[in-house]
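User: Could you take a close look at a single helix in this model for me? I would like to know how it sits among its surroundings and what its residues are doing.

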Amino acid sequence: MTITEVSKKYGLTPDTLRYYERIGLLPPVPRTKAGVRDYDEASCSWVELVKCLRGAGVQIEALIKYAALCQAEGDTNAQRIAILRDQRDQMAGRIAEMQRSLDRLDHKITYYEQCLPCDCRGKCG
């Protein structure tokens, strides 16, 4: 697939895809004899993974380390697991914080909905 096709498929700009490759988030993408990027199934799988993890708030630095470990020789599974667990813990913290905010909003909505019938302008209860 061309960079334009991959860009459309995954909702990322060609510049973003080039940037991800340049900083090591994506392994080097195969190229045609003319030097044009030719995304294969493995490349697209990486694009999909990076997009998913970035969308979940995983830090670029952690993804760069993870990608490097995936391409390294030898057994790097323990290091990869450590990175993924750390990012998961951070994400769980963000989710808990968002849940507290959502609960607070729900409480305020319920409070003001209770005021509607009496038209107390928020002075009841």
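Analyst: Happy to help; what follows is a walk around helix α2, from its buried side to the core it joins. Please keep in mind that this is a predicted model.

Let's begin with the helix itself. Helix α2 covers residues 14-23, and Leu 17, Tyr 20 and Glu 21 are its buried residues. Looking down the axis of α2, you will find these buried residues within an arc of 95 degrees, so they line one face of the helix. That pattern fits a simple rule: an α-helix has 3.6 residues a turn, so residues three or four places apart point the same way. Turned away from the buried side is a face that carries Asp 15 and Arg 22, both exposed. Just past the end of α2 comes Gly 24, with a positive phi of about 95 degrees.

What lies over the buried face? The cover of the buried residues of α2 includes α1 (3-10) and α3 (41-55).

Glu 21 deserves a moment of its own. Glu 21 belongs to helix α2, and it counts as buried because its relative accessibility is 14%, under the 20% cut-off. Setting aside neighbours within four places in sequence, Glu 21 has contacts with Leu 26, Pro 27, Pro 28, Val 29, Arg 31 and Arg 37.

Leu 17 leads us on to the core. The largest nonpolar core has 22 residues, and Leu 17 is among those that touch the most other members, along with Val 6, Leu 26, Tyr 39, Val 47 and Val 50. At least two residues of this core come from each of α1, α2, α3 and α4 (60-71). In general terms, nonpolar side chains tend to be buried together in soluble globular proteins.

Val 50 ties back to your helix as well. Leaving out neighbours within four places in sequence, Val 50 contacts Tyr 20, one of the buried residues of α2, and also Leu 25, Leu 26 and Leu 63.

One last check, on covalent links: a search of the whole structure turns up zero disulfides. For Cys 44, the nearest cysteine sulfur is that of Cys 52, 15 Å away, whereas a disulfide would need the two sulfurs within 2.5 Å. Cys 70 is likewise in no disulfide, with the sulfur of Cys 52 nearest at 14 Å. Cys 44 is buried at a relative accessible area of 6%, while Cys 70 is partly exposed at 24%.

Notes. Residues numbered from 1 in each chain as written. Predicted model: local features only at pLDDT ≥ 70, side-chain atom pairs only at ≥ 80, totals over all residues. Heavy atoms only, no water. Buried < 20%, exposed > 50% of the residue type's maximum accessible area, 1.4 Å probe, protein only. Arc of directions from axis to C-beta. Contact = heavy atoms within 4.5 Å. Core = buried A, V, L, I, M, F, W, Y, C linked by side-chain atoms within 4.5 Å.
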